[in-house]
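Welcome! Take a moment to look over the fold shown here, and then let's walk through it together, one topic at a time.

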Amino acid sequence: FTTKFGETFGMVTCADLIYSHPALDLVRLGVKNFVMPLAWSSEMAQMQALAYAQGWSLANKVNLVFANHRTSKESGSGILVSGTPVSQFYHPANHAAPVQVGEVSGSAT
């Protein structure tokens, strides 16, 4: 989708990042900004939301805004610019988490 301010975003959901379709298809089409709701458990080391999202953002040189489901076993939300955290939050619990806000100037490089 393209915003009123002219930026195009790709939306991927949950485990879409670990597959070529649709996430990498959008990267190949030139999309540089992504939003992603997810519900990843923090139990498996290779599926830690913050680390995986950061690596994906860095490897693909894109901006990624992601929000994980909040339970005692799931957490990890943030805003990444080419893998660099602008804002992030991790605290497994069943209570509310702060809204993530960060400045993303220009496109990912």
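Strands β2 and β3 run parallel to each other and pair over six bridges. Keep in mind that this is a predicted model. With that pair as our starting point, here is how the rest can be read.

**The strands**
- Within the pairing of β2 and β3, you can find N33 standing opposite N63 in β3.
- Strand β1, made of residues 9-11, also pairs with β2 in the parallel sense, here over three bridges.
- To spot this pairing, look for M11, whose bridge partner in β2 is V35.
- Together, β1, α1 and β2 form a β-α-β unit, and the unit is right-handed.

**The overall plan**
- The protein has two helices and five strands.
- Following the sequence from start to end, you meet them in the pattern β-α-β-α-β-β-β.
- The protein has 109 residues, and 36% of them are buried.
- Among contacts with a separation of 6 or more, 48% join residues 24 or more positions apart.

**A closer look at helix α2**
- Helix α2 covers residues 49-60, and its 12 residues should span 16 Å at 1.5 Å a residue; the end C-alpha atoms are 16 Å apart, so the expected span and the model agree.
- Which residues of α2 are buried? They are A49, A53, W56, S57 and N60.
- These buried residues lie on the same side of α2, because they cover an arc of only 95 degrees around the axis.
- A general rule helps here: an α-helix has 3.6 residues a turn, so residues three or four places apart point the same way.
- On the face of α2 turned away from the buried side, the exposed residues are A51, L58 and A59.
- The cover over the buried residues of α2 includes α1 (20-28), β2 (33-38), β3 (63-68) and β4 (77-81).
- Just after α2 comes K61, which has a positive phi, near 50 degrees.

**The nonpolar core**
- The largest nonpolar core holds 15 residues, and those touching the most other members are L17, F34, M36, W56, L64 and F66.
- Two or more residues of this core come from each of β2, α2 and β3.
- What does F66 touch, leaving aside residues up to four places away in sequence? Its contacts are M36, L38, A49, L50, A53, G76, S77, G78, I79 and L80.
- Two names on that list, A49 and A53, are also buried residues of α2.

Definitions and conventions:
Residues are numbered from 1 along each chain as its sequence is written. This is a predicted model: local features need pLDDT of at least 70, side-chain atom pairs count only at pLDDT 80 or more; totals for chains, interfaces and linings use all residues. Side-chain values use heavy atoms; hydrogens and water are left out. Helices (H or I, at least four residues) and strands (E, at least two) are DSSP runs, numbered from the N terminus. The expected span of a helix is 1.5 Å times one less than its number of residues. Buried means under 20% relative accessible area, exposed over 50%, partly exposed in between (1.4 Å probe, protein chains only). The arc is that of the directions from the helix axis to the C-beta atoms. Contact means heavy atoms within 4.5 Å. Two strands pair if DSSP finds at least two bridges between them. A crossover is right-handed if, with the strands pointing away from the viewer, the path from the first strand over the helix to the second runs clockwise. A nonpolar core is a set of buried Ala, Val, Leu, Ile, Met, Phe, Trp, Tyr and Cys residues joined through side-chain atoms within 4.5 Å.
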